[in-house]
Amino acid sequence: MVPPEATEEDFNIALALNRRYWAYPPYGAAILARSLKNSGYAAAIVDLNYEILSHVFEKPHEFSYEIWKKALGKSLESFRPDLIGISCMFTMGHMNMKRVAEEVKRLCDLPVAAGGVHPTNAPEAVLRDCPDIDFIGLYECDQSLPALFDVVNGKQPETELSQVAMLIGGDFVSFNERTPPKLDEILPPDYCELAIGKYDGLGQVGTYRFMRENRTAASCLAVRGCRAKCSFCSVRSFNGSGVRTREVVLVVDEVERLVHDYGIKHITWLDDDLLFNEMRATALFNEIIRRKMNLTWDASNGVIAAAITPGLLHAMVESGCIGLNIGIESGSPKILQEVHKPGTVDSFRKAKYLLAAYPYLFIKGFLMMGFPGETLGQMKETVNLALELGFDWYPLQILNPLPSTEIFGSLTQDCGSVIANPGTGGWMAGIFQSLNLRRREESEKANARKFFDRLQGKDLDIVPSKEDLADLWFLMDYKINYEPILDMENPVKLENKRKILRDICDRISHANALGNLFLSLTERKLRSFAEADRRMALAKQFLDESDYWQKRFAVFGLYRHLSGCEAKAV
Ligand code: SF4
């Protein structure tokens with residue numbers, strides 16, 4: 001079972017119709033389906049997120065969130081399983097995982113398991129909070145789940161049990177020994193009856209829709225794990241240390257099946273270290289070129305800047321790369337060192353130099369803020385580095401420590417409190433961050449809180465409070481993503497800005513005065529005058545309606561770009 005992404009309380013039909021919710025084909029569940037089938041067990045996948053999203057598009061005016069319960073009940077009737085597994089990737093999915101387990105137990109008395117990154121990160125807290133979950137499959141369950149079935153069926157001794165956690169008589173018991181699949185044991189996914197070609201039409205698959213036009217996307221995984229051990233990242237605690245690669249030919253076979261069976265024309269790699277091993281990565285991209293699949297792809301999960309070489313980059317572009325996310329996180333050498341980032345300011349500069357040869361490639365730099373002890377001065381270093389690198393866009397996240405990470409252990413939080421307040425962890429949580437922003441805009445429309453440029457202050461050694469981070473986030477986002485447009489003249493760079501700003505203004509955000517102003521300025525620079533005027537009118541309208549935007553426009557000195565609008569006192 002794949003639970004719905006958003007809870008009923010948070011679900012918003014307009015956002016769904018704008019394809020703002022994630023709609024990734026359930027890769028992990030499909031891997032387990034393949035493993036179980038190979039071991040002689042029947043398996044089916046029920047994607048309740050897909051059920052909800054497709055229902056919105058089919059019947060937007062008669063939409064009922066409860067549709068997932070009907071789909072669940074129907075699938076139990078038709079498949080008649082012996083066990084239900086619920087997949088959960090992020091902490092934000094905790095509530096829906098719990099509700100799916102409750103619903104299963106309401107309908108039948110079957111054992112319920114949960115698995116995925118979130119239950120693995122905090123198994124005891126999950127079990128204590130979710131009485132309807134009987135056990136948790138820890139880490140990658142390709143081997144351990146079929147082994148568990150074999151043990152239950154008496155085909156293997158109990159000593160084969162691994163990677164399982166449960167409560168016995170109220171005590172937490174966990175078999176932690178790992179049995180990850182080795183190189184030749186990593187199987188391709190089996191999506192069972194799922195309509196993989198339809199997912200992209202229902203929501204977000206990757207983060208480059210604005211670059212790929214109508215090319216239908218799906219995801220693929222070439223390697224598991226990451227060579228690095230960033231203190232805020234849970235990849236190592238889930239996948240173990242190091243990287244396990246798959247044979248290049250088998251990976252491209254999987255891509256080819258997506259192309260032929262489902263009409264997929266764009267791949268978003270799920271890899272955490274796609275460029276691991278230069279020879280292997282180059283062979284992967286060359287094999288895609290050799291098979292002439294007319295494919296584009298993006299690396300939404302991010303690549304390590306230091307791994308980019310001229311030869312590899314050439315193969316990436318030739319094989320269809322259109323968008324690349326680079327993990328930077330901070331411009332402060334001290335923070336990069338403290339969080340064990342596999343990159344230095346110099347390695348980011350070298351990547352910039354190599355990437356300059358491919359201006360049509362859309363480059364995003366992942367940034368983070370709010371590290372423990374991070375000062376205003378260090379945030380300013382991040383802004384300065386971003387401006388120096390000049391990448392096309394910088395997704396900026398406020399640090400949200402995930403259970404099981406080193407940084408989480410260094411803070412005074414417990415897993416239970418994170419489950420109660422899931423926050424917005426991980427790059428896939430962008431929608432929750434923008435939802436929070438939108439809520440704040442709405443609530444401050446009539447009377448916004450004071451806003452000022454804290455990075456202009458004299459004392460940059462101050463460590464801002466948690467409450468200050470939201471405004472600092474806005475400030476940094478403005479300085480690194482919007483302000484550079486004012487001096488930008490390169491038409492290729494402007495075209496990239498135009499594409500992402502259109503996506504932001506028309507699909508991602510609502511009544512966005514800042515986005516529409518900068519889209520107007522971009523359109524004008526690209527000599528698209530009618531569209532520039534239209535966007536300017538929208539910017540003025542949204543500005544006029546909102547004290548939230550007025551305060552920010554005044555601080556950023558943006559009224560001078562709006563003829564006929566006067567700055568209001570802040
Ligand atoms: S490089 Fe990326 S995937 Fe690897 S540990 Fe760091 S944050 Fe995680």
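Let me start with Leu274, which, leaving aside residues up to four places away in sequence, touches Ala222, Trp269, Arg280, Ala281, Leu284, Phe285, Trp297, Ala299 and Val303. Please keep in mind throughout that this is a predicted model. Leu274 belongs to the largest nonpolar core, which has 175 residues, and it is among those that touch the most other members, together with Phe11, Ile133, Trp269, Phe285, Phe518 and Phe553. The largest share of that core comes from helix 21, which contributes nine residues. As a general background, nonpolar side chains in soluble globular proteins tend to be buried together.

Now to the sheet. Six strands form an open sheet in the order 6-9-10-11-12-13, and their pairing is parallel. At the edges we find strand 6, residues 217-220, and strand 13, residues 396-398, each of which pairs on one side only. Averaged over the sheet, and ignoring direction, neighbouring strands are turned by 20° against each other.

If we begin at the edge formed by strand 6, four bridges join this strand to strand 9, the two running parallel, and within that pairing Ala218 stands opposite Ile267. Is strand 6 covered on one face or on both faces? Both are covered, since Ala217 and Ser219 on one side, and Ala218 and Cys220 on the other, are all buried. Moving on, strand 9, residues 266-269, is joined by three bridges to strand 10, residues 296-303, again in parallel, and here Thr268 has Asp298 of strand 10 as its bridge partner. Towards the other edge, helix 21, residues 469-482, lies across strand 12, residues 362-369, and strand 13, and runs at about 170° to strand 13.

Finally, I would like to turn to helix 24, residues 529-544. At 1.5 Å a residue, its 16 residues should span 22 Å, and the end C-alpha atoms are indeed 22 Å apart, so the expectation and the model agree. Which residues of helix 24 are buried? They are Glu531, Ala532, Arg535, Met536, Ala539, Phe542 and Leu543. These residues cover an arc of only 135° around the axis, and therefore they sit on the same side of helix 24. The general reason for such a pattern is that an α-helix has 3.6 residues a turn, so residues three or four places apart point the same way. The buried residues of helix 24 pack against helix 22 (491-508), helix 23 (513-525) and helix 25 (547-556), whereas on the other side of helix 24 Ala530 and Asp544 are exposed.

Note on methods. Residues numbered from 1 in each chain as written. Predicted model: local features only at pLDDT ≥ 70, side-chain atom pairs only at ≥ 80, totals over all residues. Heavy atoms only, no water. Pairing = 2+ DSSP bridges. Axes fitted to C-alpha atoms, helices over the stretch in contact; angles between N-to-C directions. Contact = heavy atoms within 4.5 Å. Expected span 1.5 Å × (residues − 1). Buried < 20%, exposed > 50% of the residue type's maximum accessible area, 1.4 Å probe, protein only. Arc of directions from axis to C-beta. Core = buried A, V, L, I, M, F, W, Y, C linked by side-chain atoms within 4.5 Å.
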